[in-house]
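Me: I would like to go through this structure and ask, for each label put on it, what the label rests on. Could we take the labels one at a time?

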Amino acid sequence: MIRHNRNLGPEVFELAVSWSDARPEPGQFFMLRAARSGVLLGRPISVYDADESTVTFAIVVRGAGTAELAELGEGDGILIEGPLGSSWALEEADPSRAAGDLRDEGLPVALIGGGIGLAPILFLARSLRRTPYDLYAGFRSGTWGLAALSARRTLVFTEDGSAGTTGRVLDGFDASLYAGIYACGPEPMLRATAALAKAAGVPAWLSLERRMACGVGACLGCTVRTTKGNRRACVEGPIFRAEEVIFDE
Amino acid sequence: MSDRLSLAPREAADEPFHTDISVSFAGLRLKNPVIAASGTFGYGREYADFIDVSRLGGVATKGLTLEPRAGNAGERLRETPSGLVNSIGLENPGIPAFIEKELPGLRRLGTVVFANLSGGSLEDYAEGAALLDSADGVDAIELNVSCPNVRHGGMNFGIDPAVAAEVVRLVRARTRKPLMVKLSPNAPDLVGVALACEEAGADALSLVNTFKALVIDVDRGRPVFDNVTAGLSGPAIRPIALRMVWEVAGAVSVPVVGMGGIASADDALEFIMAGAVAVEVGTATFAAPGAMLEIVDGMVEFATGRGFASVADLVGLARGRASTARDCGFDPS
C-alpha cells in the first residue's frame, strides 16, 4: 500500500510503500506495478531508502509503467516483489569492515550518481555510518535528494547550469583520491567511470540498468556481458565490479 | 447429454465432490494440467523461492542446445500492449552442462521435467536428443522447432512440414522418452506441420511458440532488436493461439498441449475445452510468480463446482466431443 507519493524534484517523484518484510540492502531493487494497471509487467526500481516499515523509491517517468506509478496516492494498492539482486559490496574494498562501516580513516570513497541513478547511490550514502565519502551528483536541470547527507563534500553538476557547476558529473573527476568508487547512472557515464577507475587502479562498482521481465533470473532478458561470461542484472547484478563489465561499442 | 457434461453449477446440497485434476498423456502422468512454459521458468530453481514448484504439473526447461550459447546482443525485451516481445536467442549452458549442473536440482523439485531441445543443425538436434535420452530425471523431450530468435535453426525447422518431419524422425530415432514437438504459429500451414510431426513419430504436440513481431524505436529510427524481428507472447496472442490449438487438435490424434497468453484459470479452460489435454503458462509468471498456482486452484474450483469427475472430462468440451479424451483416460461412450 502506498504511504505517500510526493514530488522530489523536476520529473522525479518519491513513492513510499508499506513494507515490513525482508529489509533491502543498499543497491537492491524491487519489481513494482500499480495494483490497478494497464501494463503487463512490473518495473525494476532501485531502493532509495528503507526503514523497518517502509521502502521508498525515487522514480522518473519513462513510459506507461512508471506513469501509472506516478499517479498512485496514499492508500492505493501496489504489486511489489523483492528485495531483488545484489547490493553494493562495501566490504570488498576493505575486508576489515562490514557494510556501512567501510573505513573511518584514510582515503574516502566516491559516490557518483547521474540522474535517476542517484537513487541507489543516496541509499548507500545514508547507510554509511563512519565512512567518509564525497558525493558527485549530476542532473540535467535542478537538484533533488541532497538534503540531510553526511558527505565530506557534495559536488553538484547540472547540464543547464541551474545549480552547481555547469557540466557533467565526471568533469575533472580524480579517481586516485579514493579507496573505492560506487556509481549509478546513464551507461556512457558508467563506462567513463570504469575507465577512470581502471586508469587510477581504484576498485569500482557500478549499478547497471536493464529492462527486465521476471526480475528473478528466469527470462534472461537483462543479460550483462562480463569478462566471466553473461551475467543477469537481476540476480548477479545490478551491482557489478567495473572491470568485469564489457560495454557495448 | 450426460450429467457430467453439463456446465450448470452443482446444487449446494450435493455431496462433497473432488475432481481428479491429474492428467495422463504420451506416457506421462502430471499431477495437474499446468506446465511452466520453456524460457519463462529457467531451470525451476529461479522461482523456487517464490512458489511451491512441486505443485506444478510440469516444468519445461529453457531451450537447450548441444553447445553453450551466449544468446543475442542488444536489447532483449520490450513490453507492448498486453504482450512481451523477446529476443533472448536461446542463451543456455549447453546440454552437457545442463545435465550436470541444473538437472539434479530440477529433479528434486518434484514435478515432471520436459527438457526443451533446440538446435542449429540436424546433427545438433540428434546428438542433443541422445544426451537427454540418457539423462535420468528428464521425463520427456519438448522438441523446439519454433524459436524465432536465432538466425540458424530454431523456427526454420518448424515452418515447412517436410523439414519438421525430418527433425522429428531424427530425434525420434534417438529417444524412447515421450517426445512432444513445440510448434511455431509462424508456419504458413500449421496443421500441415502438425500432421507431419505426428506422422514422423511425435507423441504429443505443444503450441504455440511466440509470434514473429517487430518493434521500432522511433527516437533512434531503428528496430529495437539487433535481429530486427523478435517473438511476441502474452495475452495479446491468446485468441489467435486458441484458434490454432482448436484447428490442430481437430486435425491430429496425438495429444495437444496448448499455450499462448494464458493468465487465468478461465484462459486455461478455454484451451482445454478447445481440445488441449494440458496447458503451458509463461509470460503470466513474469507478471505474477504465483499465476500458475492460481490457475491450478481456479481449474479445480471450476471443475469441482460443476461436478466434473476429472479435468480430462473438459478436454474438447467446446467441440461437442472429447477430442483426445482416450489419452486422458476418459471414456466418451
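**Reasons behind the labels**

Reply: Let us begin where the chains meet: 20 residues of chain A and 24 residues of chain B take part in the contact. Please keep in mind throughout that this is a predicted model.

Me: What is the area buried between chain A and chain B, and what share of it do carbon and sulfur atoms give?

Reply: The buried area is about 1,900 Å², with 59% of it given by carbon and sulfur atoms. On the side of chain A, the residues that lose the most area to chain B are A:L40, A:R211 and A:L220, which together account for 31% of what that side buries.

Me: What makes the pair A:R43 and B:E79 a salt bridge?

Reply: The side chains of A:R43 and B:E79 meet with N to O at 2.7 Å, and the rule asks for a Lys or Arg side-chain nitrogen within 4 Å of a carboxyl oxygen of Asp or Glu, so the pair qualifies. Across the interface of chain A and chain B the rule finds 3 salt bridges, while the count of residue pairs in polar contact there is 10, with both residues at pLDDT 80 or more. β7 (78-84) and β15 (229-232) of chain A each supply at least two residues of the side that touches chain B, and the residues of that side divide into 11 nonpolar, 4 polar and 5 charged.

Me: Why is A:E14 called buried, and how is its partner A:R6 classed?

Reply: A:E14 has a relative accessibility of 8%, and because buried means under 20%, the label follows. A:R6, at 47%, is partly exposed, since that class lies between the 20% and 50% cut-offs. The side chains of A:E14 and A:R6 meet in a salt bridge of 3.0 Å, N to O.

Me: Which parts of chain A does the salt bridge of A:E244 and A:K228 tie together?

Reply: The side chains of A:E244 and A:K228 meet at 3.1 Å, N to O. A:E244 lies in the segment after β16 and A:K228 in the loop between β14 (223-226) and β15 of chain A, so the pair ties together parts that are 16 residues apart in sequence. A:K228 counts as exposed because its relative accessibility is 53%, and the cut-off for that label is over 50%. Leaving aside residues up to four places away in sequence, A:E244 touches A:R225, A:T226, A:T227 and A:K228.

Me: How do you know that B:E102 is buried whereas B:R45 is not put in that class?

Reply: B:E102 has a relative accessible area of 12% and is therefore buried, whereas B:R45 stands at 47% and so counts as partly exposed. Their side chains meet in a salt bridge of 2.7 Å, N to O. The pair links distant parts of the chain, with B:E102 in α2 (residues 95-108) and B:R45 in α1 (residues 45-48) of chain B, 57 residues apart.

Me: How do you know that the span of helix α9 of chain B agrees with its number of residues?

Reply: Helix α9 (residues 291-305) has 15 residues, which at 1.5 Å a residue should span 21 Å, and its end C-alpha atoms are 21 Å apart, so the two values agree. Among its buried residues are B:M292, B:L293, B:I295 and B:F302, and what covers the buried residues includes β3 (34-36), α7 (265-274), β16 (278-281) and α8 (283-287) of chain B.

Me: What makes helix α3 of chain A mostly covered?

Reply: In α3 (residues 118-127) of chain A, 9 of the 10 residues are buried, including A:L118, A:I121 and A:F123.

Conventions. Residues numbered from 1 in each chain as written. Chains lettered and ligands numbered in written order. Predicted model: local features only at pLDDT ≥ 70, side-chain atom pairs only at ≥ 80, totals over all residues. Heavy atoms only, no water. Contact = heavy atoms within 4.5 Å. Buried area = accessible area lost by both parts, 1.4 Å probe. Polar contact = N/O pair within 3.5 Å; in protein donor to acceptor, adjacent residues only side chain to side chain. Helix = DSSP H or I, 4+ residues; strand = E, 2+ residues; numbered from the N terminus. Nonpolar A, V, L, I, M, F, W, Y, C, P; charged D, E, K, R; others polar. Expected span 1.5 Å × (residues − 1). Buried < 20%, exposed > 50% of the residue type's maximum accessible area, 1.4 Å probe, protein only.
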